[in-house]
Amino acid sequence: MPAATHVHSHCLEMVRRKKEIKKTLMLRYLSASSDLGGKNSDFPVVSFEDIVAATDNFSDSNMLGMGGFGKVYKGILEGDKEVAIKRLGSGSGQGIEEFRNEVTLIAKLQHRNLVRLLSCCIHDDEKLLIYEYMPNKSLDSFLFDSTRKDVLDWLTRFKIIKGVARGLLYLHQDSRLTIIHRDLKASNILLDKEMSPKISDFGMARIFGGKQQQGNTIRVVGTYGYMSPEYVMGGAFSVKSDIYSFGVLLLEIVSGLKISSPQLIMNFPNLTTYAWRLWEDGNAMELVDSAIAGSCPIDEVLRCIHVGLLCVQHHSDARPLMSSVVFMLENEIALLPEPEQPAYFAARNRENGHTRENKDNSQNTMSITTLIGR
Ligand SMILES: Nc1ncnc2c1ncn2[C@@H]1O[C@H](COP(=O)(O)OP(=O)(O)OP(=O)(O)O)[C@@H](O)[C@H]1O
């Protein structure tokens, strides 16, 4: 055979082999993905056996925490890859549809301030989600723990506030769809090894396409204290209800106080009411967590409190969009409008002249996840 013909047939053989390998890989990929019911054909899955091995058969020593939908375990996959595995039991209240919602939604999202969903698994009654592992767990484990909150100096707190704001901006305005988280709170902010924040827990998120930006539900899910009045009272959710939750979270980060403490905060029923009174009286710096007071730039802190109060305003129309929030947080010279009175500030407390919130909505931090079917 002439040399040129030999080279040519060799090339053809290489192309044919490459095509075959590609086809085999594609078929393998599709059959693995079909575990999800065929709806997520581009999403990697892990076998249940691998998960059992990775978590030492879901041993208690590997348990990271427990949320409304089930337990979360630390696991090691592929030899040395640390992951967090969320095990949603059959009694977790999350059906296959909600599971698919979380899986398909997160799989499409990529932002440095959102937790990455790496893969998932459905095995008989078991549904499992595999996330990147966040070594510092959630923000609440630092913020509300007097022995750990020192780690959160002002620089770190401001970095967390800005990171969460950017993550939420992506969900609301910068990704292909409008995504409303509906359960933004300190325990849903995870921290990586540099203490950078990542928003997690999209099980209750709602996605909108096109121009639709708000919805209504009779199945109110979320956490009291973080939920906006229009959502609690009427089930109306929109980006503005997430922005309300962000405002609450921001005030918690600055003050180190929980929105719904079991005790009144300085005679006020909750944090927003307390923050508003201090702001109105020109004493806003008194809100700052004593663990960092004295070591933080006053202008920056005041701007944060100001933005927080804009976000928790009673009227949703008055609350800024996340694009404005990010701009106001990142630009020292941004002119901020005066905040109006926050939600839950209606009834006047006669004893001390301060207004008080409706207590029904202030003292309960329980997540409501399954009230009435949609
Ligand atoms: N990716 C992760 N890396 C490390 N720890 C995690 C990870 N995901 C969750 N955890 C830990 O597991 C706990 C439970 O998380 P989960 O998201 O199930 O519930 P939650 O947000 O605490 O509560 P809820 O379900 O009511 O919103 C968290 O508080 C956190 O400490």
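This talk goes through a predicted model of one protein, from its overall make-up to its ligand shell, its core and a few loop residues.

I will start with the whole protein. There are 10 helices and 15 strands. Of the 374 residues, 40% are buried. If we take contacts between residues at least 6 apart in sequence, 65% of them join residues at least 24 apart.

Next, the ligand. Its shell consists of 22 residues, and the closest are Gly65, Gly67, Gly68, Ala84 and Met134. Sorted by class, the shell holds 10 nonpolar, eight polar and four charged residues. Which strands each supply at least two residues of this shell? They are S1, residues 63-67, and S3, residues 81-88. The most comes from S1, which gives four residues. Where does the ligand lie with respect to the domains? Domain 1, residues 3-132, and domain 2, residues 140-372, both contribute to the shell, so the ligand lies between them.

One residue of strand S3 deserves a closer look, and that is Lys86. The UniProt entry, which is unreviewed, has a "binding site" annotation covering Lys86. Is Lys86 buried or exposed? Lys86 counts as buried, because it has 25 C-beta neighbours inside 10 Å, and the cut-off for buried is 20 or more. Setting aside neighbours within four places in sequence, the contacts of Lys86 are Gly70, Val72, Leu128, Leu129 and Tyr131.

Now the core. As general background, nonpolar side chains in soluble globular proteins tend to be buried together. In this model the largest nonpolar core has 85 residues, and Leu250 and Ala275 touch the most other members. Helix H7, residues 239-255, provides the largest share of this core, with 10 residues. Both domains take part: domain 1 and domain 2 each give at least three residues to this core. As for Leu250, its contacts beyond four places in sequence are with Ile161, Cys304, Val307, Gly308 and Cys311.

Ala275 takes us to helix H8, where it is one of the buried residues. Why is H8, residues 271-280, described as largely enclosed by the rest of the structure? Nine of its 10 residues are buried. Besides Ala275, the buried residues of H8 include Leu271, Tyr274, Trp276 and Trp279, and also Arg277. Just after H8 comes Gly282, with a positive phi of about 75°.

That brings me to backbone angles. Most residues other than glycine have a negative phi. Here are two residues with a positive value. Asn57 has a phi near 55° and is not a glycine. Asn57 sits in the loop between helix H2, residues 48-54, and S1. With 9 C-beta neighbours inside 10 Å, Asn57 counts as exposed. Met195, also not a glycine, has a positive phi of about 65°. Its loop runs between strand S7, residues 189-191, and strand S8, residues 197-199. Met195 is partly exposed, because 19 other C-beta atoms lie within 10 Å.

One last loop residue is Asp125, between strand S4, residues 117-123, and strand S5, residues 126-132. Asp125 counts as exposed, with 9 C-beta neighbours inside 10 Å. How many residues apart in sequence are Asp125 and Leu88? They are 37 residues apart in sequence, and their C-alpha atoms are 9.1 Å apart in space.

To recap, the ligand lies between domain 1 and domain 2, and the largest nonpolar core draws at least three residues from each of those domains.

How values were computed. Residues are numbered from 1 along each chain as its sequence is written. This is a predicted model: local features need pLDDT of at least 70, side-chain atom pairs count only at pLDDT 80 or more; totals for chains, interfaces and linings use all residues. A residue is near a molecule or strand if its C-beta atom, placed from the backbone, lies within 6 Å of it. Ala, Val, Leu, Ile, Met, Phe, Trp, Tyr, Cys and Pro count as nonpolar, Asp, Glu, Lys and Arg as charged, and the others, Gly among them, as polar. Domain bounds come from an automatic or database domain assignment. UniProt positions are given in the numbering used here, feature names are shortened, and annotations may be inferred rather than shown by experiment. A residue is buried if 20 or more other C-beta atoms lie within 10 Å of its own, exposed if 12 or fewer, and partly exposed in between; C-beta atoms are placed from the backbone. Two residues are in contact if their C-beta atoms, placed from the backbone, lie within 7 Å. A nonpolar core is a set of buried Ala, Val, Leu, Ile, Met, Phe, Trp, Tyr and Cys residues joined through C-beta atoms within 7 Å.
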